[in-house]
Amino acid sequence: MDNNSEALIKPGYDPALTNQDLAPLKKQTWGSYNIFAFWMSDVHSVGGYVTAGSLFALGLNSWQVLVSLLIGIVIVQFFANLIAKPSQKTSTPFPVICRATFGVLGANIPAVIRGLIAVAWYGIQTYLASSAFILVILKFFPDMAMYADVKQYGFLGLSYLGWIGFMLLWVLQAVVFWSGMNSIRKFIDWAGPGVYVVMFAMAAWLVYEAGWENIDLNLGGVKYEGLDVLPVMIGAIAIVVSYFSGPVLNFGDFSRYGKSFEAVKFGNFLGLPVNFLGFSLLTVVCIAATLPIYGKLITDPVEMVGKLDNTFVVILGSLTLMIATVGINIVANFVSPAFDFSNVSPSKISWRMGGMIAAVGSIFITPWNLFNNPEVIHYTIDILGAFIGPLFGILIADYYFVKKQNIAVDDLYTLDSKGNYWYKNGYNYNAIYALIPSAIIPILCVLLPQWHVLANFSWFIGMFLGLLTYSVISMRSPVKYSKSIN
């Protein structure tokens, strides 16, 4: 938070559950543009570029890709609106709103799971952004190429030059984060549009080099007969939804600042269907142009920029990739664990300290080794990610079906056994019992080769299982509230 006056801490709030960052806001000031800019920063990244490009390379025709993309992103918009409402209504972040569902102490379960996912991806995204920095350095100082060779000059699996790039980006992101949420808002307000300007310029340059008549936007080209195309389109839809599942889960960390729910919904509309469609079209133009220029399709933007023979364009492209990746890293993988880890011990861990715990942790996991070892990612990040769907389903079922959109905000900050969200010893075991079986099948989709065909749909499977299981358990064993919420 930027100053303590923004938080509304009442005398009855327990210090073990409250600090200036987790308390409700006195004033919510974000408009639709701020939410729109949030999604621009979330979409405009190396990962977003590759994901959008991969949809066009599934073998689908252009209109099939367009339909799949729009359906997928509209589904994301729908779920983002659902998860946004409780936090916007109460002006509380994700881990605090989880207290209503999991209990004032049990909320640490979803918070820590989401925080650990963010730590891993924070390190990986920082490593990817540093790759663009190394491109610039080697463009100006080619003699330093030897220091980019991990076999000659390396430490813990990363070259000396790689360490310099990684730590530079690490410090840059830490500075932006440490300045507070207001500075983060300002950063994402200009970073997203700035990336668009440069992407338009790069697309225009690539089209000029390739010649428009030589560009084929149908990157797939596989001819499907009749309904054979449906499984491929459904898979494309699932890829889009899964890609955004993490940021959507903790979207309440940002929707809490929205001045109204209508403003948040309109910002989601601009930032998801409108923005993602525009970004994807720009991406496919850039990827399609690489075929006539280089003789092959290049879906990795870092590789594409590295092949350009124009120094100015290389620098501009590399800086754009760095800014774009820093943007998504801060909004998706820095802010989230900051709130999540602060929630574990609010009296001892501030929002800033929570974020720095995540940042330091991202170094010790050596993300370059994680990223370069698909098996490690397969058994760590994917397993943690298998919990995202069930958590989402449980939270939605509790807020909309069980609590009927009513939250007693003051009870989110008390350890008094008379509080509505104390449940039993601070835990709502209905939510925990629902989470365990609902996560098992998505985890099996990750671990068992014979179930791997369902891997792209693990979020949907987990979400529906979480929603259904929690609803059934809550109906059979309803929680008795100590006092009326209304």
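In which helix do Asp189 and Arg185 both lie, and how many residues apart are they? In this predicted model, both residues belong to helix α7, where they are four residues apart, or about one turn of the helix. Their side chains meet in a salt bridge, with an N to O distance of 3.3 Å. Asp189 is buried, its relative accessible area being 14%, and Arg185, at 19% relative accessibility, likewise counts as buried because the limit for that class is under 20%.

Helix α7 itself comprises 30 residues, from 181 to 210, and its length can be checked against the expected rise: at 1.5 Å a residue the helix should span 44 Å, and the end C-alpha atoms are 42 Å apart, which agrees. The helix is followed by Gly211, a residue whose phi is positive, near 85 degrees.

The salt bridge within α7 is one of four that the structure holds. Another joins Glu262 to Lys265, the closest N and O atoms being 3.3 Å apart. These two residues are separated by about one helical turn, because they lie three residues apart in helix α11, which covers residues 261-294. Glu262 is exposed, with a relative accessible area of 53%, whereas Lys265, at 28% relative accessibility, counts as partly exposed.

A further salt bridge is formed between Asp410 and Lys10, again with 3.3 Å between the closest N and O atoms. This pair links distant parts of the chain, since Asp410 is placed in the loop between α19 and α20 and Lys10 in the segment before α1 (32-43), 400 residues apart. Asp410 is partly exposed, with a relative accessible area of 35%, and Lys10 also counts as partly exposed, at 35% relative accessibility.

Val409 is likewise located in the loop between α19 (388-402) and α20 (429-447). With a relative accessible area of 22%, Val409 is partly exposed. When neighbours within four places in sequence are left aside, Val409 is in contact with Tyr13, Pro24 and Thr90. Val409 and Asn420 are eleven residues apart in sequence, and their C-alpha atoms are 9.9 Å apart in space.

Ser362, by contrast, lies in a helix, namely α15, which runs over residues 351-364. Ser362 is buried, with a relative accessible area of 0%. Apart from neighbours within four places in sequence, the contacts of Ser362 are with Val119, Tyr122, Gly123, Phe166, Trp170 and Pro367. Phe392 is 30 residues from Ser362 along the chain, and a distance of 25 Å separates the C-alpha atoms of the two residues.

With regard to cysteines, Cys98 is buried, with a relative accessible area of 0%, and Cys286 also counts as buried, at 2% relative accessibility. A search of the whole structure finds zero disulfides.

On the surface, Met146, Tyr147, Phe155, Leu156 and Tyr160 make a nonpolar patch of about 490 Å². One of these residues, Leu156, is found in the loop between β1 (154-155) and β2 (158-159). At 49% relative accessibility, Leu156 counts as partly exposed rather than exposed, because the exposed class requires a value over 50%.

Notes:
Residues are numbered from 1 along each chain as its sequence is written. This is a predicted model: local features need pLDDT of at least 70, side-chain atom pairs count only at pLDDT 80 or more; totals for chains, interfaces and linings use all residues. Side-chain values use heavy atoms; hydrogens and water are left out. Patches are made of residues with over 30% relative accessible area and no salt bridge: like charges are joined within 9 Å, nonpolar side chains (Val, Leu, Ile, Met, Phe, Trp, Tyr) within 5 Å. Accessible areas come from the Shrake-Rupley method with a 1.4 Å probe; for residues, only the protein chains shown count as cover. Buried means under 20% relative accessible area, exposed over 50%, partly exposed in between (1.4 Å probe, protein chains only). The expected span of a helix is 1.5 Å times one less than its number of residues. A disulfide is a pair of cysteine sulfur atoms within 2.5 Å. Contact means heavy atoms within 4.5 Å.
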